[in-house]
Every structure is written in C-alpha cells, then in structure tokens.
Amino acid sequence: MKLLITRLVFLAMCFMFCTLVYGQSNIEVVGKVVDADGKPISEATIELIQHSTNRRQSFSSNNEGLFTLRPVIIGERYSILTHHVSYLADSIGNFVPTSSNRNTILVRLKSKVGNLDEVVVVGYGTQKKSQLTAAVSTLSSKDIVDVPVANINNSLAGRVPGLLSFQGSGEPGADAANIRVRGIGTIGGNNQALTIVDGIPRDFSQINPNEIENISVLKDAAAIAPYGLAGANGVILITTKRGKAGRVDLGFNTWVGFQRPTQYPNYLNAYDYAYHLNIARQNAGLQPQYTEEQLQKYKDRSDLDHYPDIDWFHDVIDFNAPITNQNLLFTGGSEKVRFFSSLGHLYQQGSVDVINYRKYNLASNVDVNATPTTLVSLDLRASLEVTKNPGSIDGTGIYTQVTKLPPLLVNPLHYTNGKPGNTMLPSIYESGYNRRHENMFFSHLSIEQKLPFLEGLSIKGVFAYDKSYSTNKNWQIPYVYYTLNSKEEYDEIKAGVTAPRLNQGFQERINTTLQGYLTYQRTFGNHGVSLLTVIEQRRGNSNQLNAERINYQVNLDELDMGSAAKNDLSNGGKSSSSIQTGIVYRASYNYKEKYLFEFSGRYDGHYYFAPGKRFAFFPAVSAGWVISEESFIKDNINWIDHLKLRGSVGKSGNLAGGPFQYLSSYGLSPSYIFGGIQYQGVFERSEPNPYITWETSQKLDLGFDATLWGGKLGINFDYFKEKRSDMLVQPSAKVPAEYGIGLSQINGGKMNNQGFDLALNSRHLFENGFLMDWGVTVSYAKNKLIEIMEGAETYNNENRRKTGRPLDTQFGLRALGLFQSQEEIDGWAKQFGTVKPGDIKYEDINGDNVINNEDQVVIGAPAFPQLIFGLTGQFEWKNFNLNMLWQGAAQSSFQLTNEASNPYFNGAKIFEEQLDYWTEDNRDAKYPVIMPAPTPNSTQVSSWWIRNGHYLRLKNIELGYKIPNSILKKIQIENLRLFVSGQNLLTFSSEKYLDPEIGVSSASKRARYYFQQKVFTAGLNINF
C-alpha cells in the first residue's frame, strides 16, 4: 500500500512538473502586418516553420493587421514567412521566442509594382487602379518629402511620366520650375496645367511637402473631361494627409544645408582681361589700352586701390548660403474622430545674407463620423511667405551685375581701408529694403451623407473659402561710395535715389467654391456600376491698392511722412471679379472587372465670353480590357500577372486671352486741354470680337498597363495625340493707320501635339533582406503649328516658315565655320560690316551673293525640352537606405548672345572658355577672332551660337540610416532616421560652364541670370 501511494505521489509530481514545464515553454506570439506607411494589412498569410521538425503552421491577419502564432516553444528556432497578393513576400529567417518577446513581431510589407488594389485619386473622386481606363500617373509624398527644395515643383521632374519641366532660375521665392503635362499644346500664354488641392482649384507650388499624401497627374481626355474648359493642358491633383484611427503619433522632420551655383563661367582676372583686350584692340587696328607697366601692376596685385582685381562673382555671392526646414506633425484619433495637423518652417538665404525667403505653414484636417452614415470633414490650411531684398536691387539684379562687370574698373569693389569704391556693396547693404509678405488661408468644409434607402447612394456638399493677400513695402534711400582723387583723398559720391522714397502695395484675392455631389456605386453579381454628378460654382474677387511717396525730408518709412507736393505722390488701385459654373458627370461600368467602360464630361460656362456663348459641352469616352483575365492568357501564360489595354477619346477646353474681349475696350489718358486745363480723355484700344471663345482640344490616348513575373516588373505606356484649335491669333491683314485701333484677336490658330509616356518599375526583395527598387520614366511630346496666321515674309520662304514646325523653333543663319584668309572673304557673299579672317562665315542659302534674313534656316530645336527622362533607384538593406533620382532632357537648344557669345561686349568681362578664339595659330577655334567690341558680323543669330540643351543630372540623392529598435525602445522613441541628401549635385552636358536649363529670357541667353543652385543637406526624421 505504501508502495502504491509512493508511486501515485511520484506520478502526480511528474504530471505537475510536466504541466508546469509545458505551460512555461509554450506561449502565444502576437504580431502585426503593415505596409510601408504603417497602415494595417488584412488577409495576409503568415507561415510559421519550426526548424527542428520542419513543422509548418499557417495563420492570417485580421482587419487590423493583427495575428497570433500559437503554440510557439520558447528557445526553439523558427522562420516566419508573410505573403499577400498585393505585396512582396517578407521573411524572418531566425526567430527565437522568449518569454519577453511575445508581442514584438512587426512585419512591414513592400508593395509590388502596379498594386492593383491601390486607390487612385481622379477628378472629383477615387477609383481602383485596376479599373482605371484613363491615363493617370501617381506619386507618393514619401518620394519627395525629404528633397531639399523650397518649391515642390522642383522635385517632380523625372519621377512622373508625362510631366515635363524646366527650371530657369535659382532665385529664392522665384525658382519654381515651369511644369507642362505632355509638353506645350498651345501658342497662347496659358500653357500651365490646372492644379487642384483636395478637390479645389488652388496653387500648390508653395504647399509643404509634409502635408501631401499623394499626387495624381491627369493626362488624357477621359481623366480631364470633368474639368471642362480648364483641363486641356492637363490636371495635377494634390491630396493632403488625413488622420487615421489609432494612437496619437507625433513626428518631427528637419534638415539643414547650404546652396551654391551649379555651373557657371570661369571669369578672367584683371591681368588676363587687360592682356587679351590689348590683343583684341590690335586685331581691330587700335593701340593697346594698357602699358606693360600697368599690366604688371594688375599681375602682381601690388596696388589694388589703383589697379583693382575684382572677383565680383566670388567676392559678392555667398557660396555657402544656408537653407533649412522643420516640420512638426500630429496624427491620430478614434473610429469616430480623426485628425492630422502640421506646422512647417522653411528658411532660404539668397545670393547675399540680406536677401532671404522664409515660409511658415499650418495645416489641420479633421474627419468626424457624426453618425454611422454621416462624415463631416473640416480642412484648414494657412501659410505666410516673407521675401526680403535690399531697397534698390534684388537677387537677380545682383547676379546680373556680378556676371557683367569687368575685374578692373577705375575703382575697386572696396578700397584697402574698407570704404566701398563701387555702388555694388552699398546698393546691397545700405539702400533700404524691399519686403513682400504673401498670406494664404484655405478652408474646406464637406458633409457626406450615405442615403439608407438605396445601398451605394450618397450625397456630399462642399464649401471652400480661400483668401490670400500680399503686402509689399519698398523703402529706398540714397547711399554713398568713394573715389580716390589726384591728391589721394577720398571723395564721397552719392548714388541711388536722390531722396528717400516709399512704395507700398496691397493685393487681396478671395475665391469661394460650392460643390454638390451625388454618387452611386454598387456591384450586382458580375456587374459593377459607378455614377457621379457634381454641380460646381466658383467665384473670385480681387482688389489691389498701391501708393508711392518720394522726396522724403526725414528717414521715416511711412506714407504720411512723405512729401505732400502733387508731383511727389501717386496712388492707384483696381479690382476684378470672376465666375465659373459647371456640371460634371462620370458613369462607369465593368463586367467581372474585365471589360471596363466610362463616360465622363462637363457642361461648363465662363464669364470671359459673350452672353449666349459662355457655355459648352466637353465629353469623353474611354474603355479598358483586362486581357490577362481571359482564359487564353490566364491559363497559359503564368508570367503575366496583369495586362490591361485601354483607350480614350474626348474634348476639353482652355482659356486664352483675357475677359470681355467681346466688348470694345477703352482707356483713359490726360490728353485734352481746354482753357489751359488738362482733362482726362477716353480712347478706344481695340475692336471687339463678339464671337471670341475658348481653345478646343481633341485628344486621343491608347495605352496599356502590365505587371509581370510575380509583380517584379511593371510597365505603363501611353501614346497620345492632340489637335488644338480655336487658338487666339492676331489677323495678318493690314489696315490703314486712319483706322485708329488694333484688330481684335480671332480664334483661328491650330496646333497638333503628339508623343508618348513610358514608365518601367522593378522591385525585388532578396533572401538576405536587400530590397532593390528601380524606376524609369520617359516623356516625349512634340508639337507642330498648323495655322498661326503667319505673315507672308516668312510663310512664303520655306526655310523660314514657322507653320508646320514645332512652336519656338529657332531660326537663324547657318554658320559654315570661320574665315581663314582675306582671299576667302573676298570670294564669298557679302556679309555684315567689315569682315576679317577669323570671323564667322555664313551660308548663302538663296545664292544671291548677299547674306541677309532671306538666308535664315532652322538652326535649333525649341528651348523647352521635347524629351524628359528619369531614373529612380531605391535600395534598402537592414537599417540603411539609398535613394537617387537621375533626370535628363533632350531635343532642346539654347542660344548664346551678347556677353555669352562676344568677349568685351559693352566692356563686360570675358570667360576663360572664350579664350579659345581664332588666331593664325588656332584656326579650329570655338570662338571667332577676338575684338574689343562686338562686330555686326559676330552678333547675328546663327547656328554658331546654338548649343545643345541635352543633359543628365543627378537631381537628388539621399543616404539614410534608421536607428535600431533595440536602442529606440530604451529612450521611448518609435522611429529615428538620420540622412544626408543633395540636390543637383552632378550635371553632364555639352556646355560645362553653363547650366543646361539656361532658359529663353534675354538675360539668361547672356549668362546674366540667377544661376540654378546645388544643395547639400543633413537631417533627421523622428516619431514618438
């Protein structure tokens, strides 16, 4: 009996021990599956593999992305594989559970290229990417949020197919790139794409990138038809971030860096300038300007007060101008109330420290589920921009001077005792100030109500009130500089305005938008239906005031302190109002999500035009075929994941000209005197055109979207063609001077535009955790003028005819080289002025033995590129990431004139590059024979001065490192990432000393403009 009891006690103890051991060694491990933005992923499959037994168990994530692994043995080694149809697989190769890590698994999946479940923002709504029949390209904010630019326009080129851009300046506050969707489609002044922020027409260039969720670019007729007569140039949609249910997240992003010009000429010093000027004068048959003694003074720099050697560019321009950005982000909420808020600050110094641009941003988006079927959203957004300049010069003016002034003048930049010897420094630091404040406030209230009596039916009302106003205050005061007289004494010279003056301006713009939505979306078995109707009205009002006072007796910068004399004051002001009304519709149908059809359009009206001619209908139709769902592909070609063919055709419009051109316009002038008193008179400016209307655009688009090899390659391709008609042109007819007024513009212009967009994406996650993501975009657009009412002088000359060629094709004389001898000159056609050996030789196109305008031909492509391409690369391994963007352009040309083409133009400086001039020992030179002043022959517009505008630029590169979670947990930080970044760091082009985006303005063609900037930054992203 005792033995039995002993055995039972032993067995009970063994059972209790085994139970205790089992309870301690088997645990549950909880984890969560999220995407790259931290959003939960449901229906993901999590596979648990035990190494010792190769036992496999499968689990799924719920709607919140959560999953539970059970049972899991403490101390055992496991592999965890996570799969989802729309994401790349993720693996954890060596997971060893402990009693303390049962709630520590966070699986972050990377999306496949061409994620078909992705929702794309389109005009007045959203659509699943898989059901899109229109040409729409998208960009996530994470691709641009850390790019060190002050203007978001400058971060888009090369990232989005169909988007072409050109940045012609680097001046703070005025450096926005010119963006065109699918190139230039009109000869009118309005080539800009329509920009929409959260459904409301607004300017987006100065929006804080941290506030942006995504960007959609609408390109074809089906996508832009809902925007009627405002959509022909394409539409760019900005969607801002919104709050998500969950705990409150606090984030802080910042970067700081410095700027310097990208490419610029190397200017000669004083000695080389004087030396080569003597050679130039000798070529012109003149005596040397500088003696050997003077040359030596410039060379040894022994007397800089009398023989200055001024490096204007480096002595004036700050080559380490700071730029910095800070952003504070709040997001969170519950299922009932969600919010997103942000505060932003940006500071950018200009060419000198007294020139700067500062911007403050505030945003708050709140969503409230007032009832289970009612959603109320309130968005508030504000910004303040402050631009500071000296009183009498700005950044562009400084660049204009330092790129022109020669290194030797009578007076130096400043004497050795520090006194200014030139107006440059006093005009910057002692001329007063010019301050501009831009204030913007956007508000947006929407209420959406689902109607319970019919599933899928909802209504929404939107009211937006946008107000912006700007103030400008320009206070100018006299300043002084000094000269040395014959007695070696300093004489004070006054410059600038003769007496203080003040100019102040104020402008206010108010826009209100009302929108009423009716939407219906429902699936009936294999049939999907979506209907949308929107009624929209937009009103605008603006007011402008300005006042000026001169001849201040005291330096008090207030208007009421100025002179009261009639001739010392002026006031002005004007106001305007506008209205646009439209009805939008879109009807979509799909069968099995395989056959897709969509009808969209807008009935639109605008105040620009005469009563009875203000409204028009802009329809579009599109269709798609998901051919990969057909059995002959689905069952036979396993490397095709998704293949969709689509096409669209439709009509859209574009405003051109100005309002009320259907009426006679009049002006006022003080032109009549009666009884010795001058009175205002009224004069007629131009005749009316009661038939004037908008431009009409007929668009065709054919494209396909493909995802191949398990999501590893994505392809999007579109071919497009546009016919633009009714463009405003000036009639070529001539009327007698006695007619007294100008002829009105007519809708007689026609223009075609065609090209293609291509995007390739490849994403691969290797077994060692290395992620490689590549993207290629190519955008090509070439236009052709069909009818522009061209004058007979050029139209009748086939070589000079603009019709039938791209807009802004460059014409000029064709250079054959440089004359090598007087005999060659004597045996050639008559050119311009006195021609010498080393001068440019032009082709006599018409053979009349005289070179003139009749010999002009096409010498270059338009300055705006016809081809833009980009290459993006994203690499991630462990806690490191490297992102880069290479962006380039082709099929463009730019022309050099004045200082850029002719050394010593009006006494200006010359470049080292211009020393490759013709001599008898350098006959194959890049520049003609050097002269002390430009000659008529060398200043002709010709192919000699045309440069190829193609380039490849490292637009952005960023290297980041994420601090390990094991460290962050100890300091209670969720995420901390450090990074270094650069913008415009490398540029490869045919002209090494000029930025290839030199532009088309007269100043830029002279290399006298605010050069583009390269930026170096370091920063961090932190989340709590």
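Let's start with the helices and strands: this chain has 12 helices and 48 strands. Please keep in mind that what you see is a predicted model. The chain runs to 1024 residues, and 49% of them count as buried. If you drew a box around the C-alpha atoms along the principal axes, its sides would be roughly 135 × 75 × 70 Å. The accessible surface comes to about 47200 Å², with 55% of that belonging to carbon and sulfur atoms. And here is a number about how the chain meets itself: among contacts with a separation of 6 or more, 69% are between residues 24 or more positions apart.

Now let's zoom in on one sheet. Which strands form it, and in what order? There are three, arranged β4-β1-β7, in an open sheet with mixed pairing. As a reminder, strands of a sheet pair through backbone hydrogen bonds, and they can run parallel or antiparallel. The edges of our sheet are β4, residues 66-73, and β7, residues 105-108. Each has a single partner strand, so one side of each is left without a neighbour in the sheet. On average, neighbouring strands here are turned by 30° against each other, ignoring direction. Strand β1, residues 26-34, pairs with β4 in the antiparallel sense, over six bridges. If you want a spot to look for, find I27, which stands opposite V72 in β4.

Next, salt bridges. Side chains of opposite charge can pair when their charged atoms come close. How many salt bridges does the structure hold? The count is 41, and I've picked three for you.

The first pick is R436 with E438, where the closest N and O atoms are 2.8 Å apart. Are these two buried or exposed? Buried would need under 20% relative accessible area. R436 has 30%, so it counts as partly exposed, and E438, at 22%, is partly exposed because it too is not under that cut-off.

My next pick is R602 and D604, whose side chains meet in a salt bridge at 3.2 Å, N to O. Here both residues are buried.

Then comes R646 with D705, with 2.9 Å between the closest N and O atoms. R646 lies in strand β31, residues 640-654, and D705 lies in strand β34, so this pair ties together parts that are 59 residues apart in sequence. Both R646 and D705 are buried. They also belong to something wider: a network of salt bridges that links R182, K219, K644, R646, D701, D705, D718 and D757.

Let's move to the surface. A nonpolar patch of about 650 Å² is made by Y589, F597, F599, V621, V649, L700, L702 and Y719. Which elements give two or more residues to the patch? They are β29, residues 595-606, and β34, residues 695-708. One member to click on is Y719, which sits in strand β35, residues 713-729. Y719 has a relative accessible area of 31%, so it is partly exposed.

One last stop, in a loop. N849 lies between β40, residues 840-842, and β41, residues 857-860. Leaving out residues up to four places away in sequence, N849 touches W828, A829, K830 and D844. Take K830 from that list: N849 and K830 are 19 residues apart along the chain, yet their C-alpha atoms are separated by 6.2 Å.

That's my tour, and I'm happy to go back to any stop.

Note on methods
Residues are numbered from 1 along each chain as its sequence is written. This is a predicted model: local features need pLDDT of at least 70, side-chain atom pairs count only at pLDDT 80 or more; totals for chains, interfaces and linings use all residues. Side-chain values use heavy atoms; hydrogens and water are left out. Two strands pair if DSSP finds at least two bridges between them. Helices (H or I, at least four residues) and strands (E, at least two) are DSSP runs, numbered from the N terminus. Axes are lines fitted to C-alpha atoms, for helices over the stretch in contact, and angles run from 0 to 180 degrees between N-to-C directions. Contact means heavy atoms within 4.5 Å. Patches are made of residues with over 30% relative accessible area and no salt bridge: like charges are joined within 9 Å, nonpolar side chains (Val, Leu, Ile, Met, Phe, Trp, Tyr) within 5 Å. Accessible areas come from the Shrake-Rupley method with a 1.4 Å probe; for residues, only the protein chains shown count as cover. A salt bridge is a side-chain nitrogen of Lys or Arg within 4 Å of a carboxyl oxygen of Asp or Glu. Buried means under 20% relative accessible area, exposed over 50%, partly exposed in between (1.4 Å probe, protein chains only).
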